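Colleague: Please take a close look at one part of this model, the pairing of its strands. Then set that part in the whole.

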Amino acid sequence: MRFLKGHGTENDFVILPDPDGELDLPGALVAAICDRRSGLGADGVLRVVRTKASPEVAGQAGQSEWFMDYRNADGSMAEMCGNGVRVFARYLVDAGLAEAGEFGIATRGGIRKVRLGAGGDIAVDMGKPAVHGESVTTVAGQEYIGLHVDMGNPHLACAIGDPVAQLDLSHQPAFDPGVFHNGVNIELFNAVGPRRAVMRVYERGSGETRSCGTGAVATAVAAAHLSGESVGEWAVEVLGGTLTVTLTEETSYLAGPAVIIAEGNLTLAE
Ligand SMILES: N[C@@H](CCC[C@H](N)C(=O)O)C(=O)O
């Protein structure tokens with residue numbers, strides 16, 4: 001199986017080119033690929049498949065040639081991945097499958113428009129965040145209140161007083177399953193300056209990761225909510241770098257680096 005490896009602010013992915021949708025990719029195989037000891041190791045898998053060859057998103061075929069079939073490290077599916085879609089775009093352009101500039105990518109969360117050059121940062125229109133009110137998480141016995149933000153996928157973004165650097169995120173934080181029926185990505189952040197936050201994240205299906213693009217937008221939305229703002233540019237520092245989030249009245253944008261670092265052939269027994 002041919003693969004590439006890439007990351008966006010150290011949120012890392014195995015890319016599996018499968019243009020005609022011929023690959024059987026059960027959850028157990030994804031989990032084996034993402035295993036950091038016995039597999040290649042990654043936070044998730046990006047299967048690159050033509051939209052028209054993907055019945056679940058066939059309705060988006062008129063707006064995008066390519067579908068990002070995103071899977072979490074445990075093999076579960078997710079609607080969207082903000083860093084993943086930027087790495088996916090980098091792959092398409094580097095492989096000559098799309099031209100640099102602006103184009104749409106189909107996801108389970110709908111079309112996402114990316115903008116990129118031959119190199120440098122990649123920006124994506126993440127759509128209008130949907131804010132659903134407050135909920136609570138518990139991390140190592142400590143309760144934190146956060147904002148439920150839907151970015152196509154679910155988030156609980158919590159501004160906390162404790163320094164995020166000191167949090168123990170080695171275990172799944174508790175959340176309200178009555179609110180988050182399908183699980184949730186949990187961001188904990190410190191506001192460290194005007195329109196600047198330091199964030200850590202525990203991702204649904206992947207555990208703690210070094211960055212999360214949809215989570216960075218959710219964090220900017222929660223930080224803006226606290227400061228009484230609704231538009232502007234936020235810097236979100238994550239363990240793997242810094243992402244820029246721009247909130248407008250109509251939509252949100254995520255920008256930052258995304259690179260392909262390796263390619264090869266994978267032989268892996270399930
Ligand atoms: N790392 C991603 C989010 C990936 C999906 C998430 N774990 C979920 O299950 O919703 C990002 O950069 O947005």
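Modeller: Two strands count as paired if DSSP finds at least two bridges between them. The strands themselves, like the helices, are DSSP runs numbered from the N terminus: a strand is a run of E with at least two residues, a helix a run of H or I with at least four. The model is a predicted one, in which local features need pLDDT of at least 70 and side-chain atom pairs count only at pLDDT 80 or more, while totals for chains, interfaces and linings use all residues. Residue numbers start from 1 along each chain as its sequence is written.

I begin with β10. Strand β10 (residues 154–159) pairs in the parallel sense with strand β11 (residues 185–193), over 5 bridges. One position to find in the view is Ala-159, whose bridge partner in β11 is Phe-189. Phe-189 also has a bridge partner in β12, namely Met-199. That second pairing, between β11 and strand β12 (residues 196–203), is antiparallel and has 7 bridges. With 2 residues between them, β11 and β12 form a hairpin, and in its turn Arg-195 has a positive phi of about 55 degrees. As background, most residues other than glycine have a negative phi, and most peptide bonds are trans. When tracing any of these strands, bear in mind that in a regular strand the side chains alternate between the two faces of the sheet.

Another run of pairings involves β5, β6 and β7. Strand β5 (residues 101–107) and strand β6 (residues 110–116) are antiparallel and share 7 bridges. Ile-105 has Arg-112 of β6 as its bridge partner. These two strands make a hairpin with 2 residues between them. On to the next strand: β6 and strand β7 (residues 122–125) also run antiparallel, joined by 3 bridges. Here Lys-113 has Asp-125 of β7 as its bridge partner. The hairpin of β6 and β7 has 5 residues between the strands, and Gly-120 takes a positive phi near 85 degrees in it.

Two loops between strands deserve a look for their backbone. Thr-9, in the loop between β1 (2–8) and β2 (11–17), has a phi near 45 degrees, which is positive in a residue other than glycine. Ala-140, in the loop between β8 (130–139) and β9 (142–150), likewise has a positive phi near 45 degrees without being a glycine. For burial, C-beta atoms are placed from the backbone, and a residue is buried if 20 or more other C-beta atoms lie within 10 Å of its own, exposed if 12 or fewer, and partly exposed in between. Thr-9 counts as buried because it has 25 C-beta neighbours inside 10 Å. Ala-140 has 12 other C-beta atoms within 10 Å and is therefore exposed.

Now the whole. The protein has 3 helices and 17 strands, and 46% of its 270 residues are buried. Its radius of gyration, taken over C-alpha atoms, is 18 Å. A compact globule of 270 residues would have a value near 18 Å, so the two agree; the globule rule is 2.2 Å times the number of residues to the power 0.38.

The domain assignment, automatic or from a database, gives domain 1 (2–124 + 256–265) and domain 2 (130–250). Their C-alpha centres lie 23 Å apart. The contact between them takes 22 residues from domain 1 and 21 from domain 2, where two residues are in contact if their C-beta atoms, placed from the backbone, lie within 7 Å. On the domain 1 side, α2 gives the most, with 3 residues.

Last, the ligand. Both domains give residues to the shell around the ligand, so it lies between them. A residue is near a molecule or strand if its C-beta atom, placed from the backbone, lies within 6 Å of it. There are 18 residues around the ligand, and those that come nearest are Ala-78, Asn-83, Asn-153, Gly-213 and Thr-214. Helices α2 (82–94) and α3 (213–226) each supply at least two residues of the shell, with α2 giving the most, 3 residues. The shell divides into 3 nonpolar, 13 polar and 2 charged residues. In that count Ala, Val, Leu, Ile, Met, Phe, Trp, Tyr, Cys and Pro are nonpolar, Asp, Glu, Lys and Arg are charged, and the others, Gly among them, are polar.
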